[in-house]
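Student: Could you take me through one part of this model in close detail? I'd like to hear about the aromatic ring pairs, and then how they sit in the rest of the fold.

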Amino acid sequence: MPEGSRKWLLRGVVVFFLTFALLLSYALWLLGPTGAEALVRIPRGATGAEAARLLEEAGLLRSAYLFTVYLRFSGQARRLVPGVYRLRGEGAFRLARALTGGQRPLTLTLTFPEGERAVDYAQRLSQVGLDGEGFLRLVRNPASLRPPYVEGDTLEGYLFPATYTFDLLAEPEEVVRAMLRRFEQELTPPVRRLLEERGLSVHAWVTLASIVQAETGDPWEMARVAGVFLNRLERGMPLQADPTVAYALGKRLPELSRTAGDFAVDSPYNTYRYGGLPPGPIGNPGQEALLAVLNPVRTDEEGRPYLFFFHARGRLFLNLDFEGHLRDLARYRYSPP
């Protein structure tokens, strides 16, 4: 080869490698750290290109296109884990590893108090950014999610009050299933045996427990309130429980008004007008209320059944008959302290 041709070939090789090195350096810079930090939400079913675009918009990537190519050819595009992440722009390779199982998505821990209604739980979910409205729709129309022991149309009462940890992308069905699974843990073999001995269905048990829970939060009182209600049911007496009226009207207990006619509302949940238990739970009872119905205190020391109760001056008053109930009401509830 002539000397001139060799020089041109050598120059061409040098130019090629320099160009390649420059392009490689540029590509690595495009895929390299940006120093940014951001919260990124990777939706369920997101493609590699969609995830790359979100990262670029958050300032964590300089080139969504190159990141998409890398995900596709490395096979990681199919392994993206949806969720909300707190990420740093430490480079495409670390970002890809984080989104494919190398980093857990952010979660939230949420406590659902005992005795609250499904609508209250929906509000709590909405406040933390989850789909509270979808949750409430599913509770009211559970379809295949409804367990066989739920006799009513909704899941009210079976959304077990506890503390849960959810993914920030948790769908309503995931939340409902978690709460139903937790309720199932209360249906132990000893509990099922007690229900059979007491002649209670699961639905009646939860319904009565929800009323007990609404009446008091004290375990000692719960057992006695449950005893009063069971005694009244046994004798065909109406429960006359204020919380059922509040539930019928969508009100809170302090909002009830006799003068406004609240206690005359024509609803199957109004236990002043209709005997027996209401159609279903009026809230979501906790473990103590559920156990109180199974282990009630129904009589005084002489074996006489309690049939009436009321709260006044920070304590529970129990009575065996209506006359005693009226006497204590006049003495303790209406007289000045």
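Tutor: Sure, let's start with the rings. A search of the whole structure, which is a predicted model, turns up 14 aromatic pairs. Take Tyr-70 and Phe-93: their rings sit 5.0 Å apart centre to centre, with 85 degrees between the planes, which makes the pair edge-to-face. Tyr-70 belongs to helix H3 (residues 64–74) and Phe-93 to helix H4 (residues 92–102), so this pair ties together parts that are 23 residues apart in sequence. Neither ring residue counts as buried, because that label needs a relative accessible area under 20%. Tyr-70 comes out at 25%, so partly exposed, and Phe-93 is partly exposed too, at 41%.

Now set that beside Tyr-149 and Tyr-158. Their pair is tilted, with 40 degrees between the planes and 5.8 Å from centre to centre. Here both tyrosines are buried.

Rings also join up beyond simple twosomes: Phe-112, Tyr-121, Tyr-164 and Phe-166 are linked by ring pairs into a cluster. One member of that cluster, Tyr-164, leads us to Leu-110, since the two are in contact. Leu-110 lies in strand E3, which covers residues 107–111. With a relative accessible area of 8%, Leu-110 is buried. Setting aside neighbours within four places in sequence, the contacts of Leu-110 are Arg-124, Leu-125, Val-128, Ala-162, Thr-163 and Tyr-164. Ala-162 is worth a second look: it is 52 residues from Leu-110 along the chain, yet the two C-alpha atoms are separated by 8.4 Å.

How does that fit the chain as a whole? Among contacts with a separation of 6 or more, 58% are between residues 24 or more positions apart. The chain has 337 residues, 45% of them buried, and its secondary structure amounts to 13 helices and six strands. About 18,200 Å² is exposed, and carbon and sulfur atoms supply 54% of that area.

Since you'll probably be thinking about binding-site geometry, here are the pockets. The largest pocket has a volume of about 560 Å³. It is lined by 23 residues, and closest to its centre are Gln-240, Asp-242, Tyr-272, Phe-309 and His-325. Helices H9 (202–215), H10 (219–234) and H13 (322–333), along with strand E5 (308–312), each put at least two residues into that lining. H13 gives the most, with five. By class, the lining of the largest pocket has 15 nonpolar, three polar and five charged residues.

The second largest pocket holds about 200 Å³ of space. Its lining has 15 residues, with Gly-115, Arg-117, Ala-214, Arg-252 and Leu-253 nearest the centre. H9 turns up again here, and it and helix H11 (242–249) each supply at least two lining residues. The class split for the second largest pocket is six nonpolar, four polar and five charged.

Key. Residues are numbered from 1 along each chain as its sequence is written. This is a predicted model: local features need pLDDT of at least 70, side-chain atom pairs count only at pLDDT 80 or more; totals for chains, interfaces and linings use all residues. Side-chain values use heavy atoms; hydrogens and water are left out. Helices (H or I, at least four residues) and strands (E, at least two) are DSSP runs, numbered from the N terminus. Buried means under 20% relative accessible area, exposed over 50%, partly exposed in between (1.4 Å probe, protein chains only). Contact means heavy atoms within 4.5 Å. Accessible areas come from the Shrake-Rupley method with a 1.4 Å probe; for residues, only the protein chains shown count as cover. On a 1 Å grid over the protein atoms alone, a cavity is a set of points where a 1.4 Å probe fits but cannot get out, and a pocket is an open set with protein on both sides within 12 Å along at least five of seven lines; lining residues have an atom within 4 Å of a point. Grid points are joined across faces, edges and corners, and a volume is the space filled by probe spheres set on the points. Ala, Val, Leu, Ile, Met, Phe, Trp, Tyr, Cys and Pro count as nonpolar, Asp, Glu, Lys and Arg as charged, and the others, Gly among them, as polar. Rings of Phe, Tyr and Trp (its six-membered ring) pair if their centres lie within 6.5 Å; planes under 30 degrees apart count as stacked, over 60 as edge-to-face and the rest as tilted.
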